[in-house]
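Please walk me through this protein model step by step, in words that a first-year student can follow. I would like to see how its strands and helices are put together, with each technical term explained where it comes up.

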Amino acid sequence: MPELIEYPDPNIYSAYGIYLLRGHHPLVRKLKRYYKPVSHGTRAWGSSFLLMDFLKQHPPKKRARILDVGCGWGPVSVYATVQLRAKVTAIDADANVFPFLDLLAALNDVKVDKLHKKFDQVKRPLLENQDLLVGSDICYWDEHVKLLFNLVNRAITAGVTRVVLSDPGRASFYRFVELCDKKKNWDAKLVRWYSLEPNRATGEILEISPQGT
């Protein structure tokens, strides 16, 4: 069982060894006056914790270089920086999420590199320097399916040996999984997963790697 820690501020909580902020925290509320994220970049979603739990049990190599695409507020980026000692670059199409990521990183006494890019703007020169590509709940619209598939294809072609994505189980995500299953030179493994921190969450984990790795 995870350790139960009581914080003096009810809007601060912890999960998987990092501190997080609820939407009612005064600093979060202040940021919301000036930055208004779109595309659901408004909180730490349950799929983020699924991904943290999976990476805790199946960690990358030490000092891994990780791209967190569709990072949102950056809980996975901060977790990988703090707990996995990884070199993380957080990417999102919405620059308005980055002040919230910076706040979360500062709360955990780390810094995370950031890039303002859409899926189709993440090109080979960046991908070929990475060990792992991750993303949580980033295939929630039909238009994301092909864009995400093309991104993963570029990543694997560029030499990324591992892609790990989490999702609550959306129809669009399953369509993406079907595309991945058709790639004969990929190993794509879909598993049902659950996490217990900060609350129980369930969903899917898709792990993709080139065949033979």
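**From one pair of residues to the whole sheet**

Isoleucine 91 has leucine 115, a residue of strand 5, as its bridge partner. The names of such elements follow DSSP runs, where helices are runs of H or I with at least four residues and strands are runs of E with at least two, both numbered from the N terminus. The model is a predicted one, in which local features need pLDDT of at least 70 and side-chain atom pairs count only at pLDDT 80 or more, whereas totals for chains, interfaces and linings use all residues. Residues are numbered from 1 along each chain as its sequence is written, and side-chain values use heavy atoms, with hydrogens and water left out.

Between strand 4 (residues 87-92) and strand 5 there are 4 bridges, and the two strands run parallel; two strands are said to pair if DSSP finds at least two bridges between them. Alanine 90 belongs to this ladder too, with lysine 114 in strand 5 as its bridge partner. To get from strand 4 to strand 5 the chain passes through helix 4, in a β-α-β crossover that is right-handed, a term which means that, with the strands pointing away from the viewer, the path from the first strand over the helix to the second runs clockwise. Helix 4 (residues 98-107) packs on the sheet and touches strand 4 and strand 5, and its direction makes about 170 degrees with that of strand 5. Here contact means heavy atoms within 4.5 Å, while axes are lines fitted to C-alpha atoms, for helices over the stretch in contact, and angles run from 0 to 180 degrees between N-to-C directions.

On strand 3 a similar description can be given. Strand 3 and strand 4 are paired in the parallel sense over 5 bridges, and leucine 67 stands opposite threonine 89 in strand 4. The chain goes from strand 3 through helix 3 to strand 4, and this β-α-β crossover is right-handed. Of the 6 residues of strand 4, 5 are buried, so that the strand is mostly covered; buried means under 20% relative accessible area, exposed means over 50%, and partly exposed lies in between, with a 1.4 Å probe and protein chains only.

How are the strands of the open sheet ordered? There are 7 of them, in the order 5-4-3-6-7-9-8, and their pairing is mixed. Strand 5 (113-116) and strand 8 (186-195) stand at the edges with a single partner strand each, so one side of each is left without a neighbour in the sheet. On average, neighbouring strands of this sheet are turned by 20 degrees against each other, direction ignored.

**A hairpin and the loop residues**

Strand 1 (residues 12-15) and strand 2 (residues 18-21) run antiparallel and are joined by 4 bridges, with leucine 20 in strand 2 as the bridge partner of tyrosine 13. The side chains of strand 1 alternate, since Tyr13 and Ala15 point to one face and are buried, while Ile12 and Ser14 point to the other and are not. The hairpin has 2 residues between the strands, and in it tyrosine 16 takes a positive phi near 55 degrees. Leucine 20 is buried, with a relative accessible area of 2%, and, not counting residues up to four places away in sequence, its contacts include Ala44, Phe49, Pro75, Leu104 and Leu107. Leucine 20 and phenylalanine 100 are 80 residues apart in sequence and 11 Å apart in space, C-alpha to C-alpha.

Is asparagine 108 buried or exposed? Asparagine 108, found in the loop between helix 4 and strand 5, is buried, with a relative accessible area of 12%. Leaving aside neighbours within four places in sequence, asparagine 108 is in contact with Ile18, Tyr19, Val78 and Val82. Aspartate 109 is found in the loop between helix 4 and strand 5, yet aspartate 109 counts as exposed at 70% relative accessibility, and its phi is near 60 degrees, a positive value in a residue other than glycine.

**Two packed helices**

Helix 6 (residues 142-157) and helix 7 (residues 171-181) pack at an angle of about 35 degrees, with their axes 9 Å apart. In helix 6, Asp142, Val145, Leu148, Phe149 and Val152 meet Ser172, Arg175, Phe176, Leu179 and Cys180 in helix 7.
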